[in-house]
Amino acid sequence: MGCAGSSRAKADEPIKKITKPKPWKHSEPITGEQLKRMRDEFWDTAPHYGGRKEIWDALQAAAEADITLAQAIIDSAGIIVQKADLTVCYDERGAKYELPKYVLSAPTNLTRDS
């Protein structure tokens, strides 16, 4: 009993509003071109690790958009955000999608391309 009236614990609640990732530092300085290659490689291979392609596509669009548009993309795709910076998300079927920080923002130690 109590299914309809029971409430989930706050820690289990999905996050409604997304935020920009916190500043982070790569293990070694990288160039913008190296960062672009890392991102391209991740997005090319991510769907092969499970989940639905349309969710991966929505996550990529959100990762590359400004925060307002990203929120709209996440909401319209029905993506459940576990961490506000989009590093951990789920689809409506419960499949988990983990995004590395480098696809969401540039590191603080990004160097100029030579």
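A pocket here is an open set of grid points, on a 1 Å grid over the protein atoms alone, with protein on both sides within 12 Å along at least five of seven lines. The model treated in these exercises is a predicted one.

**Exercise 1. The largest pocket**

Describe the largest pocket by its volume, its lining and the helices that contribute to the lining.

Solution.
- Step 1. The volume of the largest pocket comes to about 160 Å³.
- Step 2. Its lining consists of 14 residues, and those nearest the centre are Lys20, Pro21, Ala65, Ile67 and Leu104.
- Step 3. Sorted by class, the lining holds 9 nonpolar, 2 polar and 3 charged residues.
- Step 4. At least two lining residues come from helix 2 (53–64), and at least two from helix 3 (67–77).

**Exercise 2. The chain as a whole**

State the secondary structure of the chain, the order of its elements, the share of buried residues and the sequence range of its contacts.

Solution.
- Step 1. The chain has 4 helices and 5 strands.
- Step 2. Read from the N terminus, the order of elements is β-α-α-α-β-β-β-α-β.
- Step 3. Of the 114 residues in the chain, 34% are buried.
- Step 4. Take the contacts between residues at least 6 apart in sequence: 62% of them join residues at least 24 apart.

**Exercise 3. The two sides of helix 3**

Determine how the buried residues of helix 3 are arranged about its axis, and what covers them.

Solution.
- Step 1. The buried residues in helix 3 are Ala70, Gln71, Ile73 and Ile74.
- Step 2. Viewed along the helix axis, these buried residues fall within an arc of 165°, so they line one face of helix 3.
- Step 3. On the face turned away from the buried side are the exposed residues Thr68 and Ser76.
- Step 4. The cover over the buried residues includes helix 2 and strand 2.
- Step 5. Gln71 can be checked against the cut-off: buried means under 20% relative accessible area. Gln71 counts as buried because its relative accessibility is 12%.
- Step 6. Apart from neighbours within four places in sequence, Gln71 is in contact with Lys16, Lys17 and Ile18.

**Exercise 4. The sheet of strands 2, 3 and 4**

Which strands stand at the edges of the sheet, and why is one side of each without a neighbour?

Solution.
- Step 1. The sheet is open and made of 3 strands in the order 2-3-4, with antiparallel pairing.
- Step 2. Strand 2 and strand 4 (96–98) are the edge strands; each has a single partner strand, so one side of each lacks a neighbour in the sheet.
- Step 3. Strand 2 is joined to strand 3 (residues 88–90) by 2 bridges, and the two run antiparallel.
- Step 4. In this pairing, Ile80 stands opposite Tyr90 of strand 3.

**Exercise 5. Two loop residues**

Locate Ile79 and Leu86, and decide for each whether it is buried or exposed.

Solution.
- Step 1. Ile79 sits in the loop between helix 3 and strand 2 (80–81).
- Step 2. Its relative accessibility is 8%, so Ile79 counts as buried.
- Step 3. Leaving out residues up to four places away in sequence, Ile79 touches Ile55, Ala58, Leu59, Ile74, Cys89 and Tyr90.
- Step 4. For Ile79 and Tyr90, the C-alpha to C-alpha separation is 5.9 Å, with their positions 11 residues apart in sequence numbering.
- Step 5. Leu86 belongs to the loop between strand 2 and strand 3.
- Step 6. With a relative accessibility of 4%, Leu86 counts as buried.
- Step 7. Leu86 is not a glycine, yet has a positive phi of about 70°.

Definitions and conventions. Residues numbered from 1 in each chain as written. Predicted model: local features only at pLDDT ≥ 70, side-chain atom pairs only at ≥ 80, totals over all residues. Heavy atoms only, no water. 1 Å grid on protein atoms, 1.4 Å probe; cavity = no way out; pocket = protein on both sides within 12 Å on 5 of 7 lines; lining within 4 Å. Points joined across faces, edges and corners; volume = space filled by probe spheres on them. Nonpolar A, V, L, I, M, F, W, Y, C, P; charged D, E, K, R; others polar. Buried < 20%, exposed > 50% of the residue type's maximum accessible area, 1.4 Å probe, protein only. Contact = heavy atoms within 4.5 Å. Pairing = 2+ DSSP bridges. Arc of directions from axis to C-beta.
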